[in-house]
Amino acid sequence: MGGAALLPRRPWAGRRVVLGVTGGIAAYKAVQLARDLTQLGALVDVALTRAAGAFVGAITFEAVTGRPVRSDLLAPGYALDHIRLGRDADVVCIAPATADTIARAAAGAASDLITAILLATRAPVLFCPAMNDRMYSHAAVQRNLERLRELGYGVVGPAVGPLAFGEGQGPGRMEEPDAIVQYIGRALEGTTPLSGRRVLVSAGPTREAIDPVRFLSNRSSGRMGYALAQAAWRRGAEVTLVSGPTALEPPVGPALVKVETAEEMKDAVTRELPGRDVLVMAAAVADFRPAHVAPEKLKKESRPGAIALEPAPDVLRSTRAARPAGMVAVGFALETENARANARAKLESKDLDLVVLNDATVPGAGFEVETNQVVLLDRAGGAQELPLLSKDEVADAILDRVVSLLQAR
Ligand code: CTP
């Protein structure tokens, strides 16, 4: 596999992120955050407090961002930096944010470079608190965080997990860089046509039990559906992901409902359907399931010659009558022959607005790979052939179509 489509893309090329790093041990994770943002194409300007400099040196951040790092508010020749950085930023992220910085920001102070930038900017601001869990739960810190929210700032995390000095029963640990990147992405997107839209996505395979330890399933990894849920959330949607068993990390932001069988997926989708604007069924739901589930593990000696199968519910079809008026419904079609005709038949029989056709015979398309090559078929007879793309890019292309369909309503 290869080709230009698989070169790492830089979706945030030219976007300006000011990363304020304050003095906590989580500052070392801010290095990875700065690197990840830079790899996405962003221009990352790091502002480092003196205390942060005691944990990680400015040179480290300069090496990963390729840009000068600032730490002083009043440096000769750079006295207007706080205004320029604040004014030009597309997003400001304080990670880690100590209790002290949070307190000063809540008070509207401008006593160092980072707090001065906060007053100078009109871009979205995200705070990623990181501190000992006892400090975090103190009423003063909680009150200050509340004040930050009132000021319109976002607060990301903190997470529960091991803290410095072996402490950590409650929240206090800085959110992981991967998650912070997603929040920054959502802030960079700003208001989009999907903002506030309620989107339901399904993903992954289902498992249909044969006996207590065996099941029938398929090769779906869940990646396409997870990429869709993540991208829709990044664009401002309120997303629920109903997922069969996968090995994937949960997406950042969407609510996750885990299911195992086709029946459970049908129940979850039916429950989540009311009030939704969009349904995207990317799950590879079983078509058949064992007619009887053996209550005990089947023994070798029983030599079962065949497993009797019965149809599993067709989840997408079953939602037809219950779909809210104006909903955009998207299905997938995985085909190995007569791909277009079969996919069109699914569009009709499942009453869909868009079908994402996966031709399993195309290299790099379908299950268990990072890429996908699909054709988007719509009700009006249109067929949009996409090149071989990463699943993230396919997700964006599908959502672009969903947006046009929503806007045409
Ligand atoms: N689907 C579903 N419930 C099923 C099977 C499929 O909701 N029991 C959904 C899938 O999530 C997908 C679409 O229907 O969005 C088409 O799935 P696909 O497996 O390609 O089609 P099937 O309807 O199963 O038809 P066939 O297996 O005969 O190709």
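**The loop at Gly-253**

Begin by selecting Gly-253, which is placed in the loop between β11 (238-243) and β12 (255-258). Helices (DSSP runs of H or I, at least four residues) and strands (runs of E, at least two residues) are numbered from the N terminus. This is a predicted model, in which local features need pLDDT of at least 70 and side-chain atom pairs count only at pLDDT 80 or more, while totals for chains, interfaces and linings use all residues. Residues are numbered from 1 along each chain as its sequence is written, and side-chain values use heavy atoms, with hydrogens and water left out.

Gly-253 counts as partly exposed, because its relative accessibility is 42%. On this scale, buried means under 20% relative accessible area, exposed means over 50%, and partly exposed lies in between (1.4 Å probe, protein chains only). Add Ala-237 to the selection: the two residues are 16 apart in sequence, and their C-alpha atoms are 9.7 Å apart in space.

**The whole chain**

Now zoom out to the protein chain. Along the principal axes, its C-alpha atoms fill a box of roughly 80 × 50 × 40 Å. The chain has 14 helices and 21 strands, and 51% of its 409 residues count as buried. A contact requires heavy atoms within 4.5 Å. Among contacts between residues at least 6 apart in sequence, 68% join residues at least 24 apart.

Colour residues 16-189 as domain 1 and residues 198-407 as domain 2, following the domain assignment; such bounds come from an automatic or database assignment. The C-alpha centres of the two domains lie 38 Å apart. How many residues does each domain bring to the contact? Domain 1 gives 6 residues and domain 2 gives 7 residues.

**Helix α1 and Asp-36**

Select helix α1 (residues 27-39) and locate Asp-36 within it. Asp-36 counts as buried because its relative accessibility is 12%. When neighbours within four places in sequence are left aside, Asp-36 is in contact with Pro-177, Asp-178 and Val-181.

**Helix α4 and Leu-85**

Move next to helix α4 (residues 81-88), where Leu-85 lies. Leu-85 has a relative accessibility of 4% and therefore counts as buried. Show Val-18, Asp-45, Arg-70 and Ile-117 as sticks, since these are the contacts of Leu-85 once neighbours within four places in sequence are set aside. Ile-114 offers a further reference point: it is 29 residues from Leu-85 along the chain, and the C-alpha atoms of the two are separated by 9.9 Å.

**The cavity beside Leu-85**

Keep Leu-85 selected and add Arg-16, Val-18, Asp-45, Arg-84, Asp-88 and Ala-89; together these residues line the largest cavity. A cavity is a set of points, on a 1 Å grid over the protein atoms alone, where a 1.4 Å probe fits but cannot get out; a pocket is an open set with protein on both sides within 12 Å along at least five of seven lines; and lining residues have an atom within 4 Å of a point. Grid points are joined across faces, edges and corners, and a volume is the space filled by probe spheres set on the points.

The structure has 1 cavity of 30 Å³ or more, and the largest cavity holds about 40 Å³ of space. Which elements each supply at least two residues of its lining? They are β1 (16-21) and α4, and α4 gives the largest share, 3 residues. By class, the lining has 3 nonpolar, no polar and 4 charged residues. Here Ala, Val, Leu, Ile, Met, Phe, Trp, Tyr, Cys and Pro are nonpolar, Asp, Glu, Lys and Arg are charged, and the others, Gly among them, are polar.

**The second largest pocket**

Select Ala-283, Ala-284, Val-285, Asp-287 and Leu-334, which are the closest to the centre of the second largest pocket among its 35 lining residues. This pocket has a volume of about 850 Å³. Highlight α10 (223-234), α12 (315-318) and β16 (328-335), each of which supplies at least two residues of the lining. The lining is made up of 17 nonpolar, 10 polar and 8 charged residues.

**Two cysteines**

Finish at Cys-93 and Cys-128. The structure holds 0 disulfides, a disulfide being a pair of cysteine sulfur atoms within 2.5 Å. For Cys-93, the nearest cysteine sulfur is that of Cys-128, 3.9 Å away. Cys-93 is buried because its relative accessible area is 0%, and Cys-128 likewise counts as buried at 0% relative accessibility.
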